[in-house]
Amino acid sequence: MGVALTGSVGVWASYLNLAFPGRKPADYAEAIAALLANLREPGRMAAARKMGMAKPADAAAALGSIRCPALVFMGTLDSDWPDPQAEGDAIIAEMPAGLGRLVMIDGAGHYAHTQFPDQVAAALLTFLKEHTGA
């Protein structure tokens, strides 16, 4: 919310410290520096601010229009939600019946894919094999 209101790259950087609880990726410092440099490019922070102001009802409407199997990853320590499991369950509930699957990554924050890439990749590959016949 602070980023949406202020447009501050520094506020975004502070948020990222909360979004990555516990184990950080080996290249965390370099990746964050690159991300912050990207956000300083013209138009980037404006897009991030717009994302931060999105209405939950808009997201729910988009989820309801999904027409193919979808995999949702949530970290059990995601600081964006008081109860990440409940949030993940609510996301799946907004999707058409049977199309959504939730994978909770234990110990991950908001960016589970960067904290635990091996676990995310394993779940993703299983999901793709199930839905592509590979």
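A residue counts as buried under 20% relative accessible area, as exposed over 50%, and as partly exposed in between. The exercises below apply to a predicted model.

**Exercise 1.** Determine whether leucine 124 is buried, partly exposed or exposed, and identify the nonpolar surface patch to which Leu124 contributes.

*Solution.* Begin with the location: leucine 124 belongs to helix α8, residues 117-132. Next, take its relative accessible area, which is 35%. Because this value falls between the two cut-offs, leucine 124 is classed as partly exposed. Finally, Leu124 forms a nonpolar surface patch of about 250 Å² together with Leu125 and Leu128.

**Exercise 2.** Classify glutamine 115 by accessibility and state which backbone atom its side chain reaches.

*Solution.* Glutamine 115 is placed in helix α7, residues 112-115. Its relative accessibility is 1%, so glutamine 115 is buried. The side chain comes to 2.7 Å from the backbone oxygen of arginine 23. Beyond four places in sequence, the contacts of glutamine 115 include Ala19, Phe20, Pro21 and Pro25, as well as Gly107, Ala108 and Gly109.

**Exercise 3.** Establish which polar partners the side chain of aspartate 78 has, and how far away the nearest side chain of opposite charge is.

*Solution.* Aspartate 78 sits in the loop between β1 (70-75) and α6 (84-94). This residue is buried and has no salt bridge; lysine 24, the nearest side chain of opposite charge, is 13 Å away. A polar atom of the aspartate 78 side chain lies 2.8 Å from the backbone nitrogen of aspartate 80. A further polar contact, of 2.8 Å, links the side chains of aspartate 78 and histidine 110. Among the residues more than four places away in sequence, aspartate 78 touches Pro84, Ala108, Gly109 and His110.

Key:
Residues are numbered from 1 along each chain as its sequence is written. This is a predicted model: local features need pLDDT of at least 70, side-chain atom pairs count only at pLDDT 80 or more; totals for chains, interfaces and linings use all residues. Side-chain values use heavy atoms; hydrogens and water are left out. Helices (H or I, at least four residues) and strands (E, at least two) are DSSP runs, numbered from the N terminus. Buried means under 20% relative accessible area, exposed over 50%, partly exposed in between (1.4 Å probe, protein chains only). Lys and Arg count as positive and Asp and Glu as negative; His and the chain ends are not counted. A salt bridge is a side-chain nitrogen of Lys or Arg within 4 Å of a carboxyl oxygen of Asp or Glu. A polar contact is a pair of N or O atoms within 3.5 Å; within protein, one must be able to donate a hydrogen and the other to accept it, and residues adjacent in sequence count only if both atoms are side-chain atoms. Contact means heavy atoms within 4.5 Å. Patches are made of residues with over 30% relative accessible area and no salt bridge: like charges are joined within 9 Å, nonpolar side chains (Val, Leu, Ile, Met, Phe, Trp, Tyr) within 5 Å. Accessible areas come from the Shrake-Rupley method with a 1.4 Å probe; for residues, only the protein chains shown count as cover.
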